[in-house]
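Got the model open in your viewer? Let's walk through it one selection at a time.

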Amino acid sequence: MSLVADVDIREMVTSLFQPDVLLPAQYLERTKKNTEAMPERALMLALLEDALWCFQKYLLVSNRKGRIFFKEAEGWIFDQDNNGVVSFSNVCDVLGIDADYLRLGLLRWKEKRLADQVYKVKRKHRVQGV
């Protein structure tokens with residue numbers, strides 16, 4: 001994964017919670033220090049970043065592969081079973097992230113994107129006279 005892709009993913013994650021008391025740079029610096037000390041944490045961060053990326057990128061896609069990626073990410077994020085070592089809640093806990101807060105932010109983001117999409121479709125139909 002390139003440095004540019006890493007930055008874009010991290011920017012997407014931090015943009016979910018604007019405005020916030022903690023600056024994104026402060027959060028990422030804190031996370032970076034924690035992941036450098038323990039490879040397992042780096043792996044968990046990569047897992048979380050990938051799930052968030054798939055959740056956001058594939059929300060509105062219509063192809064089968066994209067829908068599968070979205071459903072898998074959404075299922076993992078919103079699964080309330082905390083028994084697995086790599087469950088969403090446990091990963092967030094290890095990384096010092098409030099899982100419920102992140103879920104809420106993702107739900108709000110999803111609702112806004114879906115509402116924006118509906119608005120665009122309705123507007124397109126009005127403009128075209130359909």
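Start by selecting C54: at 8% relative accessibility, this cysteine counts as buried. (Buried is under 20% relative accessible area, exposed is over 50%, and partly exposed is in between, with a 1.4 Å probe and protein chains only.) Now add C92, which is buried too, at 0% relative accessibility. How many disulfides does the structure hold? Zero, where a disulfide would be a pair of cysteine sulfur atoms within 2.5 Å.

A word on what you're looking at before going further. This is a predicted model, in which local features need pLDDT of at least 70 and side-chain atom pairs count only at pLDDT 80 or more, while totals for chains, interfaces and linings use all residues. Residues are numbered from 1 along each chain as its sequence is written, and side-chain values use heavy atoms, with hydrogens and water left out.

**Zoom out**

Switch to cartoon and colour by secondary structure. You'll find six helices and zero strands, so the pattern along the sequence reads α-α-α-α-α-α. (Helices, H or I with at least four residues, and strands, E with at least two, are DSSP runs numbered from the N terminus.) Of the protein's 130 residues, 31% count as buried. Turn on the surface and you have about 8,900 Å² of accessible area, 58% of it belonging to carbon and sulfur atoms; the areas come from the Shrake-Rupley method with a 1.4 Å probe, and for residues only the protein chains shown count as cover. Among contacts (heavy atoms within 4.5 Å) between residues at least 6 apart in sequence, 56% join residues at least 24 apart.

**Into the core**

Next, select L48, F55, W76, I77, F88, C92 and L102. These are the residues with the most contacts inside the largest nonpolar core, which has 22 residues. (A nonpolar core is a set of buried Ala, Val, Leu, Ile, Met, Phe, Trp, Tyr and Cys residues joined through side-chain atoms within 4.5 Å.) The elements giving two or more residues to this core are α3 (39-57), α4, α5 (88-95) and α6. Which of them gives the most? That's α3, with seven residues.

**Stop at F55**

Centre the view on F55, buried at 0% relative accessible area. Leave aside its neighbours within four places in sequence, and F55 is in contact with F70, A73, E74, I77, F78, L106, W109 and K110. Keep E74 and K110 in mind, as both come back below.

Show the rings now. The structure holds six aromatic pairs. Rings of Phe, Tyr and Trp (its six-membered ring) pair if their centres lie within 6.5 Å; planes under 30 degrees apart count as stacked, over 60 as edge-to-face and the rest as tilted.

- F55 and F78: the ring centres are 6.1 Å apart and the planes sit at 50°, so this pair is tilted. F55 lies in helix α3 and F78 in helix α4, so the pair ties together parts 23 residues apart in sequence. F78 is partly exposed, at 24% relative accessibility.
- F55 and W109: here the centres are 6.0 Å apart and the planes at 45°, so this one is tilted as well. W109 lies in helix α6, so its pairing with F55 in helix α3 ties together parts 54 residues apart in sequence. Both F55 and W109 are buried.

Add F70 to the selection and you have one aromatic cluster: F55, F70, F78 and W109.

**On to the charges**

Slide over to E74. A search of the whole structure finds four salt bridges, each a side-chain nitrogen of Lys or Arg within 4 Å of a carboxyl oxygen of Asp or Glu. E74 forms one with K110, the closest N and O atoms being 2.5 Å apart. That pair links distant parts of the chain, with E74 in helix α4 and K110 in helix α6 (residues 99-128), 36 residues apart. Are the two partners buried or exposed? Both E74 and K110 are buried, with E74 at 14% relative accessibility.

Now select K71, whose side chain meets that of E74 in a salt bridge (3.6 Å, N to O). K71 and E74 both lie in helix α4 (residues 64-78), three residues apart, about one turn of the helix. K71 is partly exposed, with a relative accessible area of 48%. Show K71, E74 and K110 together and you're looking at a network of salt bridges.

Last selection: D116 and K112. Their salt bridge has its closest N and O atoms 3.1 Å apart, and the two are four residues apart in helix α6, about one helical turn. D116 is partly exposed at 32% relative accessibility, whereas K112 is exposed, with a relative accessible area of 53%.
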